[in-house]
Amino acid sequence: MQSRGFLASCKAWKPDLYLFLVALFFFFGAAHVANILISLTVGPDIGLYFEFINGTYDRVMVYALNFIAIVYVTIRLPRKSISLLSLLALFAGYFTFMQVVDLLVVLGSFFALTWWLTSPKPFVSTSRRRALSMIVFYLILIIIVIELLSLICWLIFPVFPQLSQGGSYRYVVDLETKMFLLTGSLAPLLAVLFLFSWVAKPFFHYKFSKRFSFDPVTPNIDRPTNVRNLKRLVYLLLVCSFVLSFLVTVYPYLPELNGDMHPIGVDVHAYRTWLLNLGNEGLLNALKNSFFQNPDRPLSLFTMYLAKYVSGLSALTVAEFFPVVLAPLLVLAAYFFTREALGSDLVASLAAFLSVSSFNVSVGMYAGSLSNWMAIIESYLFMGFFFGSLRKKSHPRMLTALLLSISLLFTHSLTWGMTLGILFVYLLLTLFRARFGGDSRFEIQGLLVIILVNIIVGALRNIALGWSVGNFETLQVAQSTVSIGSLTSFWTNTLYTFFQAMYGFFVNPMALSLAVLGGFVAVHSDRPLNRYLMSWLVCSSIFFVLGSASVIQSSILFNIPLPVFESFGLIAASSVVRRYSHPDKSSSIGTLIILSALLVSLNYALRCAFAMSQLV
């Protein structure tokens with residue numbers, strides 16, 4: 001009678017605690033599997049990749065959680081012989097002390113638990129959908145706790161730099177870094193999938209693909225019942241983005257971390273030399289000298305010279321700390337562009353936040369690509385005004401967009417040439433769409449005017465410099481670096497771009513994974529913004545493969561509006577999980593997914609900033 005009462009209580013038990021323990025087993029078990037696979041493939045000499053306490057205690061913890069997870073399943077199984085065999089296999093695996101056996105036991109438990117939890121009725125008091133939702137909820141919560149602890153450690157290191165050398169604080173950031181880089185080897189593959197996501201465009205016309213389609217502007221996401229809460233969230237994200245952009249760019253220069261105050265940025269000294277060569281003869285002479293001495297970036301150099309002239313700071317100081325100005329401007333420009341183009345405050349605020357951890361900031365600071373960085377900000381503003389003019393049929397906005405597009409030529413001519421190529425493909429896609437209906441006349445006219453006027457201004461600039469009319473910097477680079485023969489060295493160049501160039505800062509699997517999903521979302525719709533983003537993918541994928549140097553690939557990854565694609569992917573991921581989660585947990589899980597992605601991206605940004613502070 002007592003045993004029957006115990007079994008009845010087990011069946012009536014609401015298994016939240018059990019599901020939490022299962023989530024812990026999935027987390028630590030996955031880490032144990034990763035350790036075994038790395039040891040079997042790379043070699044045992046490198047030690048444990050994930051080490052929470054030590055190898056022995058970690059194994060005991062995995063098997064203890066495994067036993068707790070399996071024992072409940074075996075109690076519920078009708079065939080007790082299978083239950084007995086499962087427990088005997090578990091105990092035998094523990095006392096065997098062989099990595100292959102551990103691997104088979106843990107993977108077998110993963111399969112058994114997945115089979116059990118996806119059965120029609122795993123628990124009497126809890127449905128299958130709620131059980132799976134709870135495990136996902138707990139797993140994301142575990143990741144968020146680790147990300148928060150790591151973030152706190154990065155913020156403590158500038159105050160107590162000795163803590164970054166070892167101990168529990170360093171252990172936490174190393175654990176988070178290892179989790180982040182575990183899929184880092186997939187970064188080149190993810191980049192290729194992202195850039196070629198436009199190939200999926202024709203398949204969206206089939207009926208079966210509609211179940212996988214997604215639009216980031218949906219009423220249930222971007223227009224909740226409580227609009228006030230949405231406005232507060234958008235305001236909070238914008239304020240945090242602005243503050244964090246300042247923090248990330250100042251972080252490498254904090255004296256406790258950068259003791260010798262060495263400059264951050266490979267090209268910083270080149271900008272210092274350029275600013276000094278402009279002389280001190282007044283602003284007009286500086287503007288003229290910048291045009292003839294550095295015709296590929298006169299406006300950006302004159303802007304920096306103006307900052308030096310007004311502030312009285314040295315040329316090196318201006319070049320060093322100019323990212324402190326550029327990063328907040330990038331945040332605002334990314335928000336403005338996405339808001340004007342899409343009309344979604346939530347997606348725009350996410351794009352603004354993700355721009356803090358974008359390659360524009362991390363790689364831009366490391367390489368010292370200040371002119372290119374300024375041109376990216378201008379391109380966001382330019383296309384923001386362009387899409388705003390389309391929505392409101394506004395000629396003044398279109399004129400502003402035209403002037404900003406021309407300024408790109410004098411800010412960073414290579415980015416200007418790349419932008420013109422993107423706009424040309426965008427024009428072709430729009431003309432193709434117009435053949436099948438749709439009012440695109442104003443859009444086509446605006447693109448034609450912008451492209452033609454920019455070509456004319458570029459030709460006049462070349463004449464003033466004494467160059468041939470068609471001697472544009474972007475064409476020169478393309479002629480010398482792009483060829484069919486580059487296909488033979490494509491993968492070698494790609495591996496170099498990610499794992500050796502730019503100190504490995506292009507290895508950001510989280511951003512690239514979200515971008516892959518965002519790329520498929522972007523090419524699904526035919527709205528103007530989506531055609532523009534698809535134009536980026538088409539052009540970038542071709543030159544990414546045919547470029548004979550990793551410089552081409554680095555430039556593409558640096559210039560492409562990755563935060564916008566990431567925000568699309570993040571909203572899509574959150575929406576998909578909401579759709580298939582239990583109603584009681586769908587909202588919480590969706591919010592936690594967004595929060596975890598933002599924390600991962602912020603940890604990436606501070607980790608890069610810390611690494612730059614330690615460079616000699």
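Aspartate 345 is partly exposed, at 26% relative accessible area; that label covers everything between buried (under 20%) and exposed (over 50%), using a 1.4 Å probe and protein chains only. Its side chain meets that of arginine 339 in a salt bridge, 2.4 Å from N to O. A salt bridge here is a side-chain nitrogen of Lys or Arg within 4 Å of a carboxyl oxygen of Asp or Glu. Arginine 339 is partly exposed as well, with 26% relative accessibility.

Before going on, a word on the model: this is a prediction, so local features need pLDDT of at least 70 and side-chain atom pairs count only at pLDDT 80 or more, while totals for chains, interfaces and linings use all residues. Residues are numbered from 1 along each chain as its sequence is written, and side-chain values use heavy atoms, with hydrogens and water left out.

**Salt bridges**

By the rule above, the count comes to eleven salt bridges. Here are three of them.

| Pair | Closest N to O |
|---|---|
| Arginine 170 and aspartate 174 | 3.2 Å |
| Arginine 339 and aspartate 345 | 2.4 Å |
| Arginine 397 and glutamate 340 | 3.0 Å |

Take the pair of arginine 397 and glutamate 340, which form a salt bridge. Arginine 397 sits in helix 19 (residues 395-411) and glutamate 340 in helix 15 (residues 323-342), so this pair ties together parts that are 57 residues apart in sequence. Helices here are DSSP runs (H or I, at least four residues), numbered from the N terminus. Glutamate 340 counts as buried at 11% relative accessibility, whereas arginine 397 is partly exposed at 22%. Through shared partners, salt bridges join Glu340, Arg391 and Arg397 into one network.

The pair of aspartate 174 and arginine 170 stays within one helix: both lie in helix 7 (residues 167-181), four residues apart, or about one turn. An α-helix has 3.6 residues a turn, so residues three or four places apart point the same way. Aspartate 174 is partly exposed at 29%, and arginine 170 is partly exposed at 22%.

**Helix 16 and the loop after it**

Aspartate 345 brings us to helix 16 (residues 345-356). At 1.5 Å a residue its twelve residues should span 16 Å, and its end C-alpha atoms are 17 Å apart, which agrees; the expected span is 1.5 Å times one less than the number of residues. The helix is mostly covered, with eleven of the twelve residues buried. Among them are Leu346, Leu350, Phe353 and Leu354.

Serine 358 is in the loop between helix 16 and helix 17 (359-367). Is serine 358 buried or exposed? With 3% relative accessibility, serine 358 counts as buried. Its side chain reaches the backbone oxygen of serine 355 at 2.7 Å. Leaving aside residues up to four places away in sequence, serine 358 touches Leu330 and Pro563, where contact means heavy atoms within 4.5 Å.

**Helix 13**

Helix 13 (residues 298-311) has 14 residues and reaches 20 Å from its first C-alpha to its last, close to the 20 Å expected. Its buried residues include Leu301, Phe302, Met304 and Tyr305. What covers the buried residues includes helix 12 (283-293), helix 14 (315-321) and helix 18 (370-392). After the helix comes glycine 312, with a positive phi near 80 degrees.

**The core and a buried asparagine**

A nonpolar core is a set of buried Ala, Val, Leu, Ile, Met, Phe, Trp, Tyr and Cys residues joined through side-chain atoms within 4.5 Å. The largest one has 182 residues, and Phe386, Phe387, Leu423 and Tyr532 touch the most other members. Helix 28 (residues 583-613) gives the most to this core, with 16 residues. Not counting residues up to four places away in sequence, tyrosine 532 touches Phe337, Met383, Phe387, Ile422, Leu423 and Tyr426.

Asparagine 258 lies in the loop between helix 10 (227-250) and helix 11 (268-277). It is buried, with a relative accessible area of 0%. Beyond residues up to four places away in sequence, asparagine 258 touches Pro252, Tyr253, Ile264 and Ser613.

**Cysteines**

How many disulfides does a search of the whole structure find? Zero, taking a disulfide as a pair of cysteine sulfur atoms within 2.5 Å. For cysteine 240, the nearest cysteine sulfur, that of cysteine 153, is 19 Å away. Cysteine 240 is partly exposed at 30%, whereas cysteine 539 is buried at 13%.

Key: Helix = DSSP H or I, 4+ residues; strand = E, 2+ residues; numbered from the N terminus. Polar contact = N/O pair within 3.5 Å; in protein donor to acceptor, adjacent residues only side chain to side chain.
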